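Let's take a walk through the empty spaces of this protein. Have the model open and ready to turn as you read.

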Amino acid sequence: MLKSKQTIFFSFAVLMFALGASDAMRGVFSFIFTEHFSLNANGLSNIVTISYIGNLLFLAIGGNIIDRMNTKYAFQMFIIIWILSQLLFLLTDSYSYLLCGMFVAMGTSTLLNTTINISTPTIFEKSPAFLVNLLFFIQGIGTSLSQSVIGNIAVDFNSWHTVNLGLIIIGLIPFILSFFMSFGNKTKKEKISVKNKIFSADFIIMVIMMGCYFIAEHGVLNWLVMYITTGLNLTSNVANTYTSIFFGLITIGRLVLGAFVDKIGVLKSLRYFSIIAAVMFFIGVIGGEKTLILLSLSGFMFSIIYPTLVMLISRLWDINIATSMSGIIISIASLADIAFNALFGNIADILGYKNAFIIMPVFMIIYSLIMFIFSKKKHWN
């Protein structure tokens, strides 16, 4: 049996690239879906909604399954489920099946993503933060390449079938390699109840912090273009440029800053980068068009926050329940994110996009202040 850590990392990297490409397909093919299935705005939004529901349910339930199973078997099982969702896309031509596939594909994608994030520090004890952020960088490359390359060649629904065939082939690589790898065994300790941990102070704080962070970062993804075009009265080309800079720097930052997390520690990294990101984000919004570039540049500081927050969970709780806790925390935080985005449209109608968008950096400031206090009270880095 191959126990090479390089082989395991290669498998993780290939899978993260595939997951990044898969997650981007929903947006890349949105216009084709609209034409092929004759969808209105509500029909298209159902695809996004079902994806969020898949994320929530798979994380909430799947995390517990992974903690109860051998990590290798769980890894293989969820890859197969993800591949089956791509097979559903490949073999069917129905809006209902498309929704079912999105539910499973996005759910297993998020679950696999979280599993890799939790497993990497336990498998690779040297420079774990750098490797976690490198994997997220590779996922970002998968997303960016698919948006630019596939976005240019996607002309009809047959392109959708072709792309999913390619994703199935890529997904089979880590699945096959996993049979020749050893993930190591979890330490068998006294059974720990997840239920008793849900009401702990650390759990509540993590949910609040992640909820605030999700609202801030996802707010940029969902509303920055509308803020720039409608709130600041700039062109869509300008809006797309600033958005691309923000998320491009998130991708680059994960490659560059991961080593700093290993050097100065998880808590210190989160403390410093969160505060700097919040300040840049706030000034970037308050200054309107004049400081908009600062908002985009803050993406570099945002880059390592989410992967490192997930790493923090494995530090706060025993490895045997870390994935379960991650799933529950991210699911609850995502509910807050979904609820906020559902209300934001109404808020923007009342206040206007320029004034309403200020809410995003406010949530980022709240998150960073809680993180600063939380990190100061812990006695490890």
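How do the residues of the lining of the second largest cavity divide into nonpolar, polar and charged? In this predicted model, that lining has five nonpolar residues, two polar and one charged. You can find them by picking out Leu88, Phe89, Thr92, Asp93, Ser94, Leu98, Phe157 and Trp160. Helices α4 and α7 each give at least two residues to this lining, and the space inside comes to about 30 Å³.

Now move on to the other cavity, since the structure holds two of 30 Å³ or more. The largest cavity encloses about 40 Å³. Around this space sit Ser22, Met25, Arg26, Gln86, Phe89, Met102, Ala105, Met106, Trp160, Asn164 and Leu167. Two or more of these lining residues come from each of α1, α4 (71-91), α5 and α7 (157-178). By class, seven are nonpolar, three polar and one charged. Phe89 and Trp160 deserve a second look: they line the largest cavity and also the second largest.

Finally, turn to the largest pocket, with a volume of about 2,100 Å³. Its lining counts 50 residues, and those closest to the pocket centre are Asp23, Arg26, His218, Leu221 and Asn222. Arg26 is a familiar name here, as this residue also lines the largest cavity. At least two lining residues of the pocket come from each of α1 (5-28), α2 (30-36), α3 (41-68), α5 (95-123), α6 (128-153), α9 (201-231), α10 (236-264) and α15 (319-351). Helix α3 gives the largest share, nine residues. Sorted by class, the pocket lining has 21 nonpolar, 24 polar and five charged residues.

Note on methods. Residues are numbered from 1 along each chain as its sequence is written. This is a predicted model: local features need pLDDT of at least 70, side-chain atom pairs count only at pLDDT 80 or more; totals for chains, interfaces and linings use all residues. Side-chain values use heavy atoms; hydrogens and water are left out. On a 1 Å grid over the protein atoms alone, a cavity is a set of points where a 1.4 Å probe fits but cannot get out, and a pocket is an open set with protein on both sides within 12 Å along at least five of seven lines; lining residues have an atom within 4 Å of a point. Grid points are joined across faces, edges and corners, and a volume is the space filled by probe spheres set on the points. Helices (H or I, at least four residues) and strands (E, at least two) are DSSP runs, numbered from the N terminus. Ala, Val, Leu, Ile, Met, Phe, Trp, Tyr, Cys and Pro count as nonpolar, Asp, Glu, Lys and Arg as charged, and the others, Gly among them, as polar.
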